[in-house]
Amino acid sequence: MVQPETSVDLYVLVFGGALALSLLVAGVVGFLLFYQKRVSEQELIVKQMELNYQQEVVYRTLDAVEDERKRVARDLHDEVGAALSAMRLLVGQLVQTSPPTAEINDLTTRFKGVIDNTMDSVRRISNDLLPQGLNELGLTYALEGLCESAMDLADVTIELTVDAEIDLPARTNLIVYRLVQELLNNAIKHAEANDIQLSLNRQNNQLTLLYTDDGKGFDYEQAYQKRSLGLKNIETRAQMLQGTVTFETQPGQGLRVTAVMPINSDL
């Protein structure tokens with residue numbers, strides 16, 4: 001039995017219409033998916049640009065702070081240090097031009113003592129502001145000097161271990177140096193530690209800084225809620241290198257700090 005021609009045309013029309021509608025829906029869905037993908041890609045690009053901009057602002061701010069530190073350190077050394085040296089010389093000459101009485105000798109000795117202590121303070125502040133030998137001799141040398149200075153200031157033993165193969169970009173060197181400086185400053189001011197272990201090692205493109213002390217420790221949650229400036233500074237230094245830092249401590253149980261930072265050769 002032969003179907004009527006109008007019935008066949010109707011099937012073809014329905015099938016063709018369904019096919020066309022399916023293609024249209026597929027096209028619309030494909031366009032939406034493509035559009036959503038492009039939007040997501042653009043959003044990622046914008047976020048990356050914002051992150052790069054923020055990172056650049058942080059680095060520029062860091063560079064400006066370090067330039068100011070260098071200027072202050074130079075002024076302290078060249079002007080204040082020189083003025084104190086001249087003052088000490090004048091005090092010495094004062095004894096030679098005056099009758100050598102016991103009172104004058106005593107005052108001269110006391111003046112010289114005050115001047116010497118002030119010169120030591122100026123020298124120490126200047127060294128804190130300007131990492132000694134960091135640019136010229138490298139991070140390991142500068143950290144060794146930092147540890148020696150800390151041991152001179154406090155009754156503490158510091159064991160420093162640094163991988164021999166560590167060769168970092170200049171800005172990374174500076175940030176790691178400041179991070180260690182913050183850790184040691186906190187240890188001297190607050191921890192009452194007798195023994196400090198400090199290690200720095202590199203594995204592939206990752207730098208790990210491990211710090212432990214046997215000090216009095218603290219309640220981390222409480223300190224964090226109080227926005228402890230020392231903790232914040234340590235976190236900020238690690239974040240400058242897009243790294244992370246963890247603190248493990250309890251009252252009476254010392255402190256363990258682990259900072260893991262990727263090494264970016266563009267810094």
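In this predicted model, residues 24 or more positions apart account for 68% of the contacts in the protein chain that have a separation of 6 or more. So let's start with the overall picture and then walk through the pieces.

## Overall picture

The protein chain has seven helices and five strands. Reading from the N terminus, the order is α-α-α-α-β-α-β-β-α-α-β-β. The radius of gyration comes out at 33 Å, where a compact globule of 267 residues would sit near 18 Å. The extents along the principal axes go with that: the C-alpha trace spans about 145 × 40 × 40 Å.

Of the 267 residues, 31% count as buried. The protein chain exposes about 17700 Å², and 56% of that area is supplied by carbon and sulfur atoms. On the charge side, there are 23 positive and 37 negative charges, and their mean positions are 5 Å apart.

## Two residues in helix H1

Helix H1 covers residues 5-97, and two of its residues make a handy pair to look at. Val14 is found in H1 and is exposed, with a relative accessible area of 51%. To get a feel for distances, take Val14 and Glu144: they are 130 residues apart along the chain, and their C-alpha atoms are separated by 84 Å.

Glu66 is also a residue of helix H1. Is Glu66 buried or exposed? Glu66 counts as buried because its relative accessible area is 5%, and the cut-off for buried is under 20%. Setting aside residues up to four places away in sequence, Glu66 touches Leu174 and Arg178. Helix H5 runs over 170-191.

## The paired strands

Further along the chain come strands S2 to S5, and their pairings are listed here.

| Strand pair | Sense | Bridges |
|---|---|---|
| S2 (residues 195-203) and S3 (residues 206-213) | antiparallel | eight bridges |
| S3 and S5 (residues 255-262) | antiparallel | eight bridges |
| S4 and S5 | antiparallel | six bridges |

Following the pairings, S2 joins S3, S3 joins S5, and S5 joins S4. A few individual partners help to fix the register. Leu198 stands opposite Tyr211 in S3. Gln206 stands opposite Pro262 in S5. Phe247 has Val257 in S5 as its bridge partner.

Strand S4 (residues 244-249) is a nice case for looking at the two faces. In a regular strand, side chains alternate between the two faces of the sheet. Which residues of S4 make up the covered face? Val245, Phe247 and Thr249 do, while Thr244, Thr246 and Glu248 form the uncovered one.

Tyr220 ties in with this strand. Tyr220 lies in helix H6 (residues 220-225). Leaving out neighbours within four places in sequence, Tyr220 is in contact with Leu231, Glu235, Phe247 and Thr249. Phe247 and Thr249 both belong to the covered face of S4. Tyr220 can also be placed relative to Pro251: the two are 31 residues apart along the chain, with their C-alpha atoms separated by 8.9 Å.

## Turns and positive phi values

Most residues other than glycine have a negative phi, so a few spots deserve a look when you check the backbone torsions.

Start with the hairpins. S2 and S3 form one with two residues between the strands, where Asn204 takes a positive phi near 55 degrees. S4 and S5 form another, with five residues between them, and there Gly252 in the turn has a positive phi of about 85 degrees.

The loops add two further residues. Glu192 is not a glycine, yet its phi is positive at about 55 degrees. Where does Glu192 lie? Glu192 lies in the loop between helix H5 and S2, and it is exposed, with a relative accessible area of 59%.

Gln242 is the other one, with a positive phi near 60 degrees in a residue other than glycine. Gln242 has its place in the loop between helix H7 (229-240) and S4. Its relative accessibility is 48%, so Gln242 counts as partly exposed, given that exposed means over 50%.

Conventions:
Residues numbered from 1 in each chain as written. Predicted model: local features only at pLDDT ≥ 70, side-chain atom pairs only at ≥ 80, totals over all residues. Heavy atoms only, no water. Helix = DSSP H or I, 4+ residues; strand = E, 2+ residues; numbered from the N terminus. Rg over C-alpha atoms; globule rule 2.2 N^0.38 Å. Buried < 20%, exposed > 50% of the residue type's maximum accessible area, 1.4 Å probe, protein only. Contact = heavy atoms within 4.5 Å. Areas by Shrake-Rupley, 256 points an atom, 1.4 Å probe, with all protein chains shown as cover. Lys, Arg positive; Asp, Glu negative; His and termini not counted. Charge placed at Lys NZ, Arg CZ, Asp CG, Glu CD. Pairing = 2+ DSSP bridges.
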